[in-house]
Amino acid sequence: MRYTTLLACLLFTYSLSAQIVGKVTNTEGEPLAYVNIYLENSYSGTTSNEDGNYELDLTENGDYNIVFQFLGYSRVKKNISVSSFPYILNVTLEEETTSLDAVVIDASEDPAYRIIRNTIAQRKANLDRIAEFKADFYSRGLWRVDSIPEKFMGQEVGDFDGQLDSTRTGIVYLSETISKIASRRPDDFKETIIASKVSGNDNGFSFNTAVDAEFSFYENNLNLNAAIISPIANNALSYYRYELDGVFYEGDKLINKITVTPRRPKDRVFRGVIYIVEDDWQLYGLELTTNGEAIQIPFVKDLVFIQNFSYDTKNKFWVKRSQTIDFGFGFFGFNGDGRFIAVYSNYDFDPGFDKGSFTNEVLNFQPEANKKDSLFWKGIRPVPLTNEELNDYIKKDSIQQLRKSKPYLDSLDRESNRPGLLDILFGYTYQNRYKKWDLSYQGPLPEVNFNTVQGWNGGVGLSYFKSYDENRTRWLSVTSNIRYGISDDRVRASGRVVYNFNQTNRLRIGIYGGNEVVQFNRSQPISPVINTISTLFFERNYMKVYDLTYVNAAWSQEVFNGLSLSANLGYEKRKPLFNTTDYVTIPNDDVDYTPNNPRQGVSEIFLPDIIPHDIIKSTVVANINFGQKYYKYPDGKFNMSSNKYPSLQFTFENGMGASISDYNFSQLRAQISQYVSLGNKGRFVYRLKGGTFFNGDNISFADYQHFNGNQTRVGTSSTYSNVFNLLPYYDLSTNQSYFEGHVEHNFRGWVLGKIPGVNSLNFNLVLGAHMLSIDSRKPYTEYSVGLDNLGWGKFRFLRLDYVRSNFNGVGDGAFIFGLKFLNLID
């Protein structure tokens with residue numbers, strides 16, 4: 001009852017405070033959502049909401065010409081005289097009557113092709129017209145779920161912090177922003193958020209940004225995870241069929257309505273309708289749809305773009321006024337939909353930018369941006385809230401203080417802290433939401449694995465996490481683990497304490513220590529899961545390990561934008577380990593376990609490859625990201641990923657004070673890597689590494705440079721840009737100078753999508769090349785061809801490659817089965 005009364009009061013206040021208000025419907029009385037409503041020859045305007053309601057903010061009485069424009073409906077202009085407010089203006093729009101009577105039909109080709117060719121010819125000129133501008137920007141994002149399972153993989157899903165009702169449906173995200181934006185092609189952008197509102201969180205900051213909403217169909221491709229080809233791209237005629245559906249006039253402008261369909265159903269393309277202005281060859285509007293299969297995000301269903309443009313009489317071209325993106329999603333029982341609205345106004349196409357107008361800071365918030373009250377929002381919001389959205393704000397804002405209170409949070413804890421029957425095996429977390437800490441127990445079952453040194457082994461852990469603010473920017477983490485190997489009958493314990501100071505420069509310090517079984521290659525090229533399977537079922541014990549007792553201190557920080565440093569200093573005590581079991585699930589008479597020596601094959605005599613010794617090791621790493629762009633939030637900094645420049649990494653590693661003096665050494669290594677988007681032709685990635693040793697002639701094998709090999713014929717990474725898939729794990733480990741290079745190109749459907757029949761499978765062709773060169777040795781090379789995005793339905797976690805290697809004139813070949821989901825499990 002309280003919510004109903006409050007809702008009624010706010011609706012009444014909303015009506016009184018509005019200037020010109022009304023409802024836009026069609027001739028059947030049905031509301032029309034996202035109709036553009038604006039003062040003629042100006043950028044002052046608004047948009048109707050999903051209920052068809054609108055509010056146009058005016059401050060003075062007088063005569064006004066108000067335009068109502070919506071795709072598929074005739075443009076309406078209302079001349080009104082306003083003497084008092086609020087002024088109610090309801091409007092009915094009629095469906096646009098299109099005709100082909102005035103169109104000269106060529107029997108050999110649809111007239112749409114002439115229009116499209118002219119528009120493509122003007123594509124670059126149209127982009128140049130909007131090459132730089134300033135504007136006001138409004139955004140609203142909404143995620144709604146209509147079914148959520150109570151449990152997922154045996155774990156309670158919860159009610160999304162009270163956002164689901166008893167039927168497990170509801171709005172899980174609702175947020176708005178008001179901002180000032182500045183843009184200059186090709187990639188300069190700046191957004192200052194003046195106001196930010198998140199439903200149910202008066203201390204939250206919206207994730208909506210103008211840069212993420214910037215989609216121009218004048219570009220050849222739209223980057224939606226995969227590059228989707230625009231219907232007016234330079235090469236669009238190879239991907240689309242066009243049909244002129246009809247024409248109509250807006251004033252003296254002839255508008256062509258064109259239906260767009262793919263030439264091949266599985267191409268990375270859109271389908272729908274675009275409206276093009278005759279002679280101007282510019283967009284009047286569009287409604288285009290693609291899907292999750294095309295963008296290769298399986299849980300997305302349809303993705304619908306609607307853009308509306310209006311004519312700028314001063315600059316004499318058509319500018320985007322509004323954009324809506326509708327989407328549906330469904331995966332593992334999670335189903336729902338959402339919408340993002342963007343409204344542009346007050347364009348300035350002569351902004352007078354200079355060299356200092358743009359920096360790497362793409363987004364920032366004005367002080368108190370998230371503290372604006374409801375009166376501010378009612379006066380500035382260009383798109384009125386729907387009843388559903390208004391009710392969501394009222395409900396969640398009214399109970400958010402309750403949901404932050406100690407009694408309420410304690411009640412949630414009492415429910416979630418109840419132990420389950422299987423928690424002793426899988427794990428348990430006790431949390432205190434009010435004081436922002438939790439204590440977790442990690443059960444033994446998820447960590448159980450097998451190797452020939454420890455036999456069956458597993459462990460339990462205890463961890464403590466404490467947050468010192470609401471958004472978890474400053475926190476403390478304490479973790480301890482105890483592992484036991486049945487065959488070697490040995491208990492090993494380790495732990496760490498890490499403190500994170502902030503999310504701005506990410507200053508972090510940590511202390512680590514304990515006793516563990518570690519792989520000679522600390523990058524762990526073979527996961528415990530894969531090693532367990534290969535050992536027990538194929539009698540291939542590829543993982544080679546040694547005993548490490550250690551204590552070290554670590555520090556990391558972003559020194560300034562684009563440069564991050566980290567350092568580690570510690571003491572290590574190393575000992576050899578031996579096989580203690582020959583147990584195997586499926587014996588193979590032709591295969592025997594090899595000793596736990598990475599450089600020794602099958603032999604009755606075990607020669608340890610590591611002599612017991614102590615050493616003090618230090619490592620300093622510098623990561624450089626050129627042109628690092630970032631979002632600046634009041635409580636932190638979020639670095640954006642970028643493909644424009646490569647990333648550099650320099651590492652200096654030093655060993656000193658070793659109990660065996662020959663084991664002291666230094667190594668300097670460097671890496672350059674980059675992901676390069678080639679539009680609809682796919683994505684290219686390269687990674688180049690090199691290094692050299694100083695005083696490294698007689699060092700321990702544990703300190704050699706090891707390379708990520710693979711002898712299991714199973715791949716576990718999404719790309720193979722850091723692995724040699726046929727290289728034995730330690731055959732080419734070195735203490736000499738070395739260079740390794742990896743390149744891979746995923747065509748993302750550009751090749752296979754053009755082959756009839758094959759294109760329906762939605763597979764991706766992948767080509768790769770890899771090379772390793774070491775002083776005084778011939779280079780090792782690999783070449784591969786593969787298929788990615790394998791699977792069925794929404795489950796596309798598989799990959800298959802054929803790899804050929806060559807070393808010392810000897811070639812080899814094998815298939816590599818990629819299980820990309822194991823990368824998530826590990």
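This passage walks through strands, a helix, nonpolar cores and aromatic pairs in a predicted model.

A convenient place to start is strand β21, which spans residues 317-331. The strand is mostly covered, with 14 of its 15 residues buried. On one side, β21 is joined by 11 bridges to strand β20 (residues 300-312), and the two run antiparallel. Within this pairing, Phe309 has Lys320 of β21 as its bridge partner. The connection between β20 and β21 is a hairpin with 4 residues between the strands, and Lys316 in the turn has a positive phi of about 60°. Strand β21 also pairs with β22 (residues 334-348), again in the antiparallel sense, over 10 bridges. Here Gln323 stands opposite Ala342 in β22. The hairpin of β21 and β22 has 2 residues between the strands, and Phe332 takes a positive phi near 50° in it.

Another sheet is found earlier in the numbering of the strands. It is open and built from 4 strands in the order β3-β2-β5-β6, with antiparallel pairing. Its edges are β3 (45-47) and β6 (76-82), each of which pairs on one side only. With direction ignored, neighbouring strands of this sheet are turned by 20° against each other on average. Edge strand β6 is held to β5 (residues 62-69) by 7 bridges in the antiparallel sense, and one of the bridge partners is given by Gly62 with Val82 in β6.

Turning to helices, α2 covers residues 112-121 and has Ala112, Tyr113, Ile115, Ile116, Thr119 and Ile120 as its buried residues. Viewed down the axis of α2, these buried residues fall within an arc of 160°, so they line one face of the helix. What covers them includes helix α3 (123-129) together with the strands β16 (240-250), β17 (253-262) and β18 (271-277).

One residue that touches this buried face is Ile258, whose contacts include Ala112, Ile115 and Ile116. Ile258 also touches Tyr242, Leu244, Val273, Ile274 and Ile276, among others. In soluble globular proteins, nonpolar side chains tend to be buried together. The largest nonpolar core in the model has 54 residues, and Ile258 is one of those with the most contacts inside it, alongside Leu224, Tyr240, Tyr242, Phe270, Ile274 and Phe305. Strand β20 supplies the largest share of this core, 6 residues. Apart from it lies another core, of 39 residues, which includes Phe701, Tyr720, Leu772 and Ile774.

Leu286 offers a further view of the packing. It is found in strand β19 (residues 282-291) and is buried, with a relative accessible area of 0%. Among the residues that Leu286 touches are Leu71, Phe217, Val273, Ile274, Phe305 and Ile306. Leu286 and Ile325 are 39 residues apart in sequence, and their C-alpha atoms lie 12 Å apart in space.

Aromatic rings add another layer to the picture: a search of the whole structure finds 50 aromatic pairs. In one of them, the ring centres of Phe205 and Phe365 are 5.0 Å apart and the planes stand at 75°, so the pair is edge-to-face. This pair links distant parts of the chain, 160 residues apart, with Phe205 in the loop between β13 (188-198) and β14 (221-224) and Phe365 in strand β23 (residues 361-365). Both Phe205 and Phe365 are buried. A tilted pair is formed by Phe520 and Phe701, at 5.7 Å centre to centre and with 55° between the planes. Phe520 lies in the loop between β30 (508-519) and α9 (528-538), and Phe701 in the loop between β38 (683-694) and β39 (714-715), so the pair ties together parts that are 181 residues apart in sequence. Phe520 and Phe701 are both buried. Elsewhere, Phe133, Phe137, Phe317, Tyr344, Tyr347 and Phe349 form one aromatic cluster.

The loop between β38 and β39 also holds Ser700. With a relative accessibility of 1%, Ser700 counts as buried. Leaving aside residues up to four places away in sequence, Ser700 touches Arg574, Ile610, His613 and Tyr663.

Note on methods
Residues are numbered from 1 along each chain as its sequence is written. This is a predicted model: local features need pLDDT of at least 70, side-chain atom pairs count only at pLDDT 80 or more; totals for chains, interfaces and linings use all residues. Side-chain values use heavy atoms; hydrogens and water are left out. Buried means under 20% relative accessible area, exposed over 50%, partly exposed in between (1.4 Å probe, protein chains only). The arc is that of the directions from the helix axis to the C-beta atoms. Contact means heavy atoms within 4.5 Å. Two strands pair if DSSP finds at least two bridges between them. Axes are lines fitted to C-alpha atoms, for helices over the stretch in contact, and angles run from 0 to 180 degrees between N-to-C directions. A nonpolar core is a set of buried Ala, Val, Leu, Ile, Met, Phe, Trp, Tyr and Cys residues joined through side-chain atoms within 4.5 Å. Rings of Phe, Tyr and Trp (its six-membered ring) pair if their centres lie within 6.5 Å; planes under 30 degrees apart count as stacked, over 60 as edge-to-face and the rest as tilted.
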